[in-house]
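Grab the sequence and the 3D view, and let's work through a few exercises together. Try each task on your own before you read the solution.

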Amino acid sequence: MPVILKNHTWSQDSEWVTIQVPFPENYLRQEEVFTSERLLKINKAPYYWEALLSSAIEEDESRCSILENEVIFTLKKKETNLEWTRMEVDVGRGERVKLKEELLDEHQKRLEAKAKQRAIEKDQKKRDEISRQIERDGNERTAIENLLAESKRKEMERMEAENRKKVVVQRKDTPRPKEFKKPKVIEEVPAVRRSGTVQVTFTKRNFITPKRESLEQDERDWIMKQAAAKKATGFVDDDLRPEEQNPEWLKQKGDAFFQQGNYLGAISAYSAGIRLTKNYYSLFLNRSAAHFGMENYQRCAEDCSAALVLLDPPVEANRKARVACLARRGAALVKLGFLRQGCDELIAASKLDPENDGLRREAEMVQRRLEECDTDSE
């Protein structure tokens, strides 16, 4: 059975309320003392004490001191200059239990709101730090370029000065012309050689170093590992027959991989088709779905943008494809944390396809999340 502590005392002034609770244990931990706007509690088996305050307090500014034989609560009134007629509310047992549950629920909601706000602030701080790092890198590159340009200018000036000195020395060393000179013998100038082209061929290599500077066995091992890695994706360009090197065939191959859940193989097939032609929007659109399945949201958004460029001008024949591009790009932006931009994309897609209830519901859900974030930031 718990031992209920009742011998507490309290006092107040215009701003503060002080509550002293005698407590026989002197090794209370912080988690055994609970404080909220209107609920105080000490729970250390077998002892228990709680108080439902008659008025609210400022939770962040209030303090709790754990002394040797007592616990002292120093509470800041939420409404200053308001004199409390009693410390606790005067209600029945059933109403007291209900009020206690409501206060605990409100306290839990406040804690969740604070945690959400801290997460938003942490995310914004991370983005600001990335922006500052980008700016610092840009400034460093500019400084290096300016330094190189200044060094180049100084070197050019030095070379020009040396050339001027050489010209002056040559003029001083030139002998003065004599009164009589022997006639010059004009030598026949040889004919200009005919121009031609020299053909140079090189052995194909997969590495930038000359073969004489390489380690042939290590290079061979590396090439074999890369070939094995490509085959692991389920698709290799060199394995295709000539009749299979067709963008439409590659698209169908990628669709088959996608249906099997082999997103990496699908991306490889679509990418091979894009290398053959960059004007087939279906390759970009289908590759964006595979990237989304692998949680490559940045590349998914880029492929959707490339497909939208190829779907210009907008006509009824490509309306469904444009809806898919906008909806998938919006979903990818939401996953990346850009709620406002993703919401705009989903709304635009919903307007293009007003009969799509699922797309409309998704746009409304993201819009509600955005409104909640705006409310929390206020």
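**Exercise 1. Find where Val-200 sits, and decide whether Val-200 is buried or exposed.**

Step 1. Keep in mind that this is a predicted model. Look along the chain for α1 (93-173) and α2 (216-232): Val-200 lies in the loop between these two helices.

Step 2. Now check the accessibility. Val-200 has a relative accessible area of 54%. Exposed means over 50%, so Val-200 counts as exposed.

Step 3. Look at the company Val-200 keeps. Together with Val-198 and Phe-202, Val-200 forms a nonpolar patch on the surface. The three share about 390 Å² of accessible area.

**Exercise 2. Work out which residues of strand β3 are on the covered face and which are on the uncovered one.**

Step 1. Start with the general idea: in a regular strand, side chains alternate between the two faces of the sheet.

Step 2. Apply that to β3, residues 16-22. The covered face holds Val-17, Ile-19 and Val-21. On the uncovered face you'll find Trp-16, Thr-18, Gln-20 and Pro-22.

**Exercise 3. Trace the strands that pair with β3, then carry on to β7.**

Step 1. Begin with β2, residues 9-12, which pairs with β3 in the antiparallel sense over 4 bridges. The two make a hairpin, with 3 residues between them. For a concrete contact, take Trp-10, whose bridge partner in β3 is Ile-19.

Step 2. Next comes β8, residues 70-77, joined to β3 by 7 bridges and also running antiparallel. Here Val-17 stands opposite Leu-75 of β8.

Step 3. From β8, move to β7, residues 57-66. β7 and β8 are antiparallel as well, with 6 bridges, and a hairpin of 3 residues joins them. Ile-66 has Val-71 in β8 as its bridge partner.

**Exercise 4. Put the 4 strands of the open sheet in order and name the edge strands.**

Step 1. The order is β1-β6-β5-β4, and the pairing is mixed.

Step 2. An edge strand pairs on one side only, which picks out β1 (3-4) and β4 (33-35).

Step 3. Zoom in on β5 (residues 39-44) and β6 (residues 47-52): they pair in the antiparallel sense over 6 bridges. Asn-43 has Tyr-48 in β6 as its bridge partner.

**Exercise 5. Look at the salt bridges: which one ties helix α7 to helix α8, and which lie within a single helix?**

Step 1. Recall that side chains of opposite charge can pair when their charged atoms come close. The whole structure has 23 salt bridges, and we'll pick out a few.

Step 2. Start with Glu-345 and Arg-329, whose side chains meet at 2.6 Å, N to O. Glu-345 is in α8 and Arg-329 in α7, so this pair ties together parts that are 16 residues apart in sequence. With relative accessibility at 15%, Glu-345 is buried, and Arg-329, at 18%, is buried too.

Step 3. Now try Arg-153 and Glu-157, which form a salt bridge at 2.5 Å, N to O. Both are in α1, 4 residues apart, or about one turn of the helix. Arg-153 is partly exposed at 38%, and Glu-157 is partly exposed at 43%.

Step 4. Then there's Arg-360 with Asp-357, at 3.7 Å, N to O. Both lie in α9, 3 residues apart, again about one turn of the helix. Arg-360 has a relative accessible area of 32%, so it counts as partly exposed; Asp-357, at 40%, is partly exposed too.

Step 5. Finish with a group: Glu-37, Glu-59, Lys-78 and Arg-110 are linked in a network of salt bridges.

**Exercise 6. Find the largest pocket and say which elements give two or more residues to its lining.**

Step 1. The largest pocket has about 540 Å³ of space, and 20 residues line it.

Step 2. To find its centre, look for Ile-120, Asp-123, Gly-337, Leu-339 and Cys-373, the lining residues nearest to it.

Step 3. Now list the elements that give two or more residues to the lining: they are α1, α7 (319-335), α8 (339-352) and α9 (357-377).

Methods. Residues are numbered from 1 along each chain as its sequence is written. This is a predicted model: local features need pLDDT of at least 70, side-chain atom pairs count only at pLDDT 80 or more; totals for chains, interfaces and linings use all residues. Side-chain values use heavy atoms; hydrogens and water are left out. Patches are made of residues with over 30% relative accessible area and no salt bridge: like charges are joined within 9 Å, nonpolar side chains (Val, Leu, Ile, Met, Phe, Trp, Tyr) within 5 Å. Accessible areas come from the Shrake-Rupley method with a 1.4 Å probe; for residues, only the protein chains shown count as cover. A salt bridge is a side-chain nitrogen of Lys or Arg within 4 Å of a carboxyl oxygen of Asp or Glu. Buried means under 20% relative accessible area, exposed over 50%, partly exposed in between (1.4 Å probe, protein chains only). Two strands pair if DSSP finds at least two bridges between them. On a 1 Å grid over the protein atoms alone, a cavity is a set of points where a 1.4 Å probe fits but cannot get out, and a pocket is an open set with protein on both sides within 12 Å along at least five of seven lines; lining residues have an atom within 4 Å of a point. Grid points are joined across faces, edges and corners, and a volume is the space filled by probe spheres set on the points.
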